[in-house]
Amino acid sequence: MKEEQDRKADEFIRKLVVEAGADQPSDQFTQSLMKKIGQEQLQSSVTRYQPLISKKGWLPIAATILGICFILLTGDWQQDWSAVPIPFLDEIGALFHSDRYAGMLNMNSISVDHTVVYALLMLSFFFYIQIIYLKKFLR
Amino acid sequence: MMSRLTDQEIIIQVRAGDTATFSVLVDRYKSMVFTVAIRMIKQREDAEEVAQDVFLSAYGALETFRGDSKISTWLYRIAYRKSLDHIKKKKRKIITEFADVSERFDIGAMDQQMNSLEQNERNQCVKAAIEELAGDDALLITLFYLKELSLKEIEQITGFSSNTVKVRIFRGRKRLLEILKRRLEPEIIKAYEGRTG
């Protein structure tokens with residue numbers, strides 16, 4: 001009895017809902033939508049943003065950073081850096097030690113923390129990469 | 001000619017850069033996408049805005065449409081999600097109503113009363129009754145009865161389990177009968193007065 005009542009109710013509601021049909025949007029719906037799509041396309045073609053560094057470009061960068069991290073974590077970094085010869089700095093130092101510049105600046109008195117050296121190295125590395133990509137991008 | 005294209009052919013053409021063909025897809029599904037939105041949101045202007053947004057998003061994401069489901073199911077799912085977002089944004093509450101499932105209805109009498117109305121009046125009465133249902137229930141009733149979607153397809157659109165869909169359709173139907181019963185009497189009087197006066 002209950003099943004019969006449910007079946008009748010099901011048929012009755014189905015008939016009414018199908019007959020009432022779907023609601024209709026305004027007449028300009030499609031036209032206005034296609035206009036919006038056109039505008040969006042125009043906008044995206046004018047300013048087509050591209051990443052400065054492509055996905056492939058990030059691979060060597062990531063590899064380099066990982067490599068540096070690996071070396072820093074596993075290497076012996078307690079050594080005395082003053083013993084490591086840096087010819088370029090020595091030459092500059094010698095220049096300032098000469099009579100002409102004596103007293104102006106003593107390069108040997110400059111002490112730079114290791115962290116600063118790493119930071120400068122990384123900064124110059126990324127700066128170098130940026131220049132290459134910026135040139136490519138602007139071209 | 002273009003309207004004879006299958007959904008898949010339209011997708012291929014649009015992906016190849018033929019934007020105009022997308023309008024065929026829009027014309028094909030706009031009424032149902034709009035219906036999904038209006039059942040949930042209940043306001044015509046907002047529903048139209050959401051429906052436009054649905055097609056804009058679909059156009060942008062057409063590249064990612066893998067074809068695992070029918071394009072209609074995909075569009076209705078976007079419409080459902082966007083409608084929920086809209087309701088959330090407007091800070092409106094999603095009302096869930098429960099019908100008295102034990103109440104019995106004289107379907108034969110109700111059918112006779114409905115038939116006594118003009119078709120236009122009848123359709124308006126049914127749409128107004130559906131509008132009184134909670135958003136989710138109105139949508140489930142529409143997808144199940146009007147689009148004749150399976151419980152599985154409705155599950156894909158709404159994220160409700162098939163069992164939940166089944167129970168909610170059952171309760172929604174009862175609630176709809178309650179509303180129709182309440183509405184029918186004044187509607188018949190009004191229709192009678194309209195014809196005689």
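Trainee: Which label fits Lys42(B): buried, exposed or partly exposed?
Mentor: Start with the place: Lys42(B) is in the loop between helix 2 and helix 3 of chain B (helices are DSSP runs of H or I with at least four residues, strands are runs of E with at least two, and both are numbered from the N terminus). Now count: there are 17 other C-beta atoms within 10 Å of Lys42(B). A residue is buried with 20 or more other C-beta atoms (placed from the backbone) within 10 Å of its own, exposed with 12 or fewer, and partly exposed in between. So the label for Lys42(B) is partly exposed.

Trainee: What kind of model are we looking at?
Mentor: For the labels, residues are numbered from 1 along each chain as its sequence is written, while chains are lettered from A and ligands numbered from 1 in the order in which they are written. Local features need pLDDT of at least 70, side-chain atom pairs count only at pLDDT 80 or more, and totals for chains, interfaces and linings use all residues; this is a predicted model.

Trainee: What is phi of Lys42(B) near?
Mentor: Most residues other than glycine have a negative phi. Lys42(B) isn't a glycine, yet its phi is positive, near 75°.

Trainee: Which other loop residue has a positive phi near 50°?
Mentor: Look in the loop between helix 7 and helix 8 (151–158) of chain B, where Glu148(B) sits. Glu148(B) has 10 C-beta neighbours inside 10 Å, so it counts as exposed. The residue with phi near 50°, again not a glycine, is Glu148(B).

Trainee: How many helices does chain B have?
Mentor: Read along from the N terminus and the elements go α-α-α-α-α-α-α-α-α. There are zero strands, and the helix count is nine.

Trainee: Which helix of chain B gives the most to the largest nonpolar core?
Mentor: A nonpolar core is a set of buried Ala, Val, Leu, Ile, Met, Phe, Trp, Tyr and Cys residues joined through C-beta atoms within 7 Å. This one has 58 residues, and those with the most contacts inside it are Val33(B), Ala37(B), Ala79(B) and Ile141(B). With 13 residues, the top contributor is helix 2 (residues 22–41).

Trainee: Which residue of chain A does Ile141(B) touch?
Mentor: Contact here requires C-beta atoms, placed from the backbone, within 7 Å. Skipping residues up to four places away in sequence, Ile141(B) touches Ile130(B), Leu133(B), Ile169(B), Gly172(B), Arg173(B) and Leu176(B), and from chain A, Val17(A).

Trainee: Why does Leu180(B) count as buried?
Mentor: Leu180(B) lies in helix 9 of chain B. Setting aside neighbours within four places in sequence, it is in contact with Met110(B) and Ala129(B). Leu180(B) counts as buried because its C-beta neighbours inside 10 Å number 23.

Trainee: Are helix 2 and helix 4 of chain B roughly parallel or roughly antiparallel?
Mentor: The axes of helix 2 and helix 4 (residues 71–89) of chain B come within 9 Å and cross at roughly 30° (axes are lines fitted to C-alpha atoms, for helices over the stretch in contact, with angles from 0 to 180 degrees between N-to-C directions). Angles under 35 degrees count as roughly parallel, over 145 as roughly antiparallel, 65 to 115 as roughly perpendicular and the rest as oblique. That makes helix 2 of chain B and helix 4 of chain B roughly parallel.

Trainee: And which label fits helix 2 and helix 7 of chain B, roughly parallel or roughly antiparallel?
Mentor: The axes of helix 2 and helix 7 of chain B come within 7 Å and cross at roughly 150°. Therefore helix 2 of chain B and helix 7 of chain B are roughly antiparallel.

Trainee: How many residues of chain A are in contact with chain B?
Mentor: On the chain B side, 33 residues take part, and on the chain A side, 25.

Trainee: Which helix supplies the largest share of the side of chain B that touches chain A?
Mentor: That side divides into 19 nonpolar, seven polar and seven charged residues (Ala, Val, Leu, Ile, Met, Phe, Trp, Tyr, Cys and Pro count as nonpolar, Asp, Glu, Lys and Arg as charged, and the others, Gly among them, as polar). With 10 residues, the largest share comes from helix 2.

Key:
Contact = placed C-beta atoms within 7 Å.
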